[in-house]
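Got your viewer open and a selection tool ready? Here is a walk through one model, stop by stop, with something to click at each.

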Amino acid sequence: MTLLQPDPASPRPESLPDIRNESRTTLGHQFSAWNEPAYRLEQVLDWLYARRVETWDAMTNLPRSLRSRLASVWSLGSLSLMRKQGSRDSTQKFLWRLQDGSLIESVLIPANPALYGEAADRHTLCVSTQVGCAYGCRFCASGLDGWKRNLAPWEIIGQILGVERWHAQQTPSPSGHSSDTGSANRLVNNLVIMGMGEPMANYDSLMAALRSLNAPWGGGIGARKITISTSGLAPRIRQLADEPEQFRLAISLHGATDAVRNQIMPVNRKYPLAELTQACGYYLEKKGKMITLEYILIQGVNDATAEVKPLADLARRLHAKVNLIPYNTVEGLPWKRPDEARCQHFAEALTRSGVTCTLRLEKGHDIDAACGQLRLKTERELAAGPANPGSGMDQPAGES
Ligand code: SAH
Ligand code: SF4
């Protein structure tokens, strides 16, 4: 466990919007109104997204007058890294403190060359879109304390920039110093919107963030490398299908019948399976893209052999592949993961039914990797006060 920045985020002018909420187009309008030459905009975007600077003064090739002008219109915030868990060559979890003191998580997962055939220096980042979650799935740590607020686009983008900035600081440059930032140091080439929160319930901010992360002038992450996961907000799935970008879609299904889904996912009462699958059908028709169905295996809830047939029928109907994920236990919740043999048995039965499926041995089980768990633990430690030896907020500690 590493406690990197024990101090609360320093107060900033709250009234100004962050510049990374803007698109290149809206920034361009402002720069034109100021009669700035076009290359100035490129310089600013380079400072923001390739070099990932945290202050206006770091933008050293801009005239001082332009820097002050920028600072008078926008703020340039950053997420404060409060805790990091995990080791450099495996799954790592980042706990960020936002300017209002809220906590969110991102999880960095190194590419598995055997699984994806990619170089091992490429990584997937799992990002949050809300503080807490209103959807209250019974098995999930993110929704346990309810929903607090939506993240702004820059707070979604800031998770990628923050992780890459951290990475650049860890990587020695040929000169022996910790390296400069810059696009050569891009770490994240795959994004999964599977952290805390229901992304489709923060749709506009999510889209604004993803467009900047996808753009060549921004994060440079291909749309096909960005997967949005939803618990099943049918109208938003249709809306996503109508967008020009080819973002990928994953559905947190976890039950292939209304009976099972109603038991663990309250959202199913609003958008039952028939409505959800119709929306998925629409997405498929519009995008021609394969959907992924996420299916957590929870002992005694959805792991019976009888559940295989409805799941296989649904997956075949949607030409979807299925990711089976053994449940990650959450402190304070009663649900358990089935034993490995049962998970294997379920996966084999599904495969025999003609469905492509993977049984993902959950990475990072040991570091509370399922969404919301590190935040929940930290919130509880903080609430317990400084006397609690587990809180450790005042002293940096070594990695464990
Ligand atoms: N709200 C969105 C995205 C965030 S949740 C959604 O539900 O899809 C990301 C994934 O983690 C979801 O598939 C969710 O069901 C799963 N998840 C939540 N708690 C989990 C746990 N304890 N073990 C394994 N997966 C979990
Ligand atoms: Fe929210 Fe997703 Fe967790 Fe359900 S699984 S409570 S929708 S974050």
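## Stop 1: ligand 1

Start by selecting Ser252 together with ligand 1: an N or O atom in the Ser252 side chain sits 2.5 Å from an oxygen atom of the ligand. Keep in mind as you go that this is a predicted model.

Now add Gly197 to the selection. One of its backbone N or O atoms is 2.9 Å from a nitrogen atom of ligand 1. Then pick Asn328, where a polar backbone atom lies 2.8 Å from a nitrogen atom of the ligand. How much of the 530 Å² that ligand 1 exposes on its own does the protein cover? The answer is 92%.

Next, show everything around the ligand. You should get 19 residues, with Gly197, Ser229, Ser252, His254 and Asn328 coming nearest. Colour that shell by residue type and it splits into 10 nonpolar, 8 polar and 1 charged.

## Stop 2: ligand 2

Keep Gly197 on screen, since it also belongs to the residues around ligand 2. To see the rest of that group, select Cys133, Tyr135, Gly136, Cys137, Phe139, Cys140, Ser142, Glu198 and Ser231. By type, this shell has 5 nonpolar residues, 4 polar and 1 charged.

## Stop 3: strand β8

Go back to Ser229, one of the residues that come nearest to ligand 1, and extend the selection to residues 226–230, which make up strand β8. Is this strand enclosed or open? 5 of its 5 residues are buried, so the rest of the structure largely encloses it. Turn on side chains to see how they alternate: Ile226, Ile228 and Thr230 point one way, Thr227 and Ser229 the other, and all of them are buried.

Bring in strand β7, residues 188–193. It pairs with β8 in the parallel sense, over 3 bridges. For one of these pairings, click Ile193 and look across to Ile228, its bridge partner in β8.

## Stop 4: strands β9, β10 and β11

Ser252 from the first stop is a good handle here, as strand β9 covers residues 248–252. Select β9 and then β10: the two run parallel and are joined by 3 bridges. Click Ile251 and you will find Leu293 of β10 standing opposite.

Now isolate β10, residues 292–297. All six positions tell one story: 6 of the 6 residues are buried, so the strand is largely enclosed by the rest of the structure. Both faces are covered, with Thr292, Glu294 and Ile296 on one side and Leu293, Tyr295 and Leu297 on the other. Glu294 deserves a click, as it is buried and has Asn323 as its bridge partner in β11. β10 and β11 pair in the parallel sense, over 6 bridges.

## Stop 5: two positive phi values

Follow the chain to the loop between α11 (308–317) and β11 (321–326), and select His319 there. Its phi is positive, about 50°, although it is not a glycine. Most residues other than glycine have a negative phi.

For a second case, jump to the loop between α2 (38–50) and α3 (64–73), where Arg52 lies. Phi of Arg52 is near 55°, again a positive value in a residue other than glycine. Which of the two is buried, and which is exposed? Arg52 counts as buried because its relative accessibility is 1%, under the 20% cut-off. His319 has a relative accessible area of 55%, over the 50% cut-off, so it counts as exposed.

## Stop 6: Trp154

Select helix α5, residues 153–170, and find Trp154 in it. This tryptophan is buried, with a relative accessible area of 8%. What does it touch beyond its neighbours within four places in sequence? Show Asp18, Arg20, Asn21, Gly77, Ser78, Leu79 and Gln99, which are in contact with it. Ile19 is worth labelling too: it is 135 residues away from Trp154 along the chain, yet their C-alpha atoms are separated by 7.8 Å.

## Last stop: zoom out

Clear the selection and switch to cartoon. The protein chain has 13 helices and 12 strands, and 54% of its 400 residues count as buried. Among contacts between residues at least 6 apart in sequence, 68% join residues at least 24 apart. Switch on the surface to finish: the accessible area of the chain comes to about 17200 Å², with 51% belonging to carbon and sulfur atoms.

Notes:
Residues are numbered from 1 along each chain as its sequence is written. Chains are lettered from A and ligands numbered from 1 in the order in which they are written. This is a predicted model: local features need pLDDT of at least 70, side-chain atom pairs count only at pLDDT 80 or more; totals for chains, interfaces and linings use all residues. Side-chain values use heavy atoms; hydrogens and water are left out. Helices (H or I, at least four residues) and strands (E, at least two) are DSSP runs, numbered from the N terminus. Buried means under 20% relative accessible area, exposed over 50%, partly exposed in between (1.4 Å probe, protein chains only). Contact means heavy atoms within 4.5 Å. Accessible areas come from the Shrake-Rupley method with a 1.4 Å probe; for residues, only the protein chains shown count as cover. A residue is near a molecule or strand if one of its heavy atoms lies within 4 Å of it. A polar contact is a pair of N or O atoms within 3.5 Å; within protein, one must be able to donate a hydrogen and the other to accept it, and residues adjacent in sequence count only if both atoms are side-chain atoms. Ala, Val, Leu, Ile, Met, Phe, Trp, Tyr, Cys and Pro count as nonpolar, Asp, Glu, Lys and Arg as charged, and the others, Gly among them, as polar. Two strands pair if DSSP finds at least two bridges between them.
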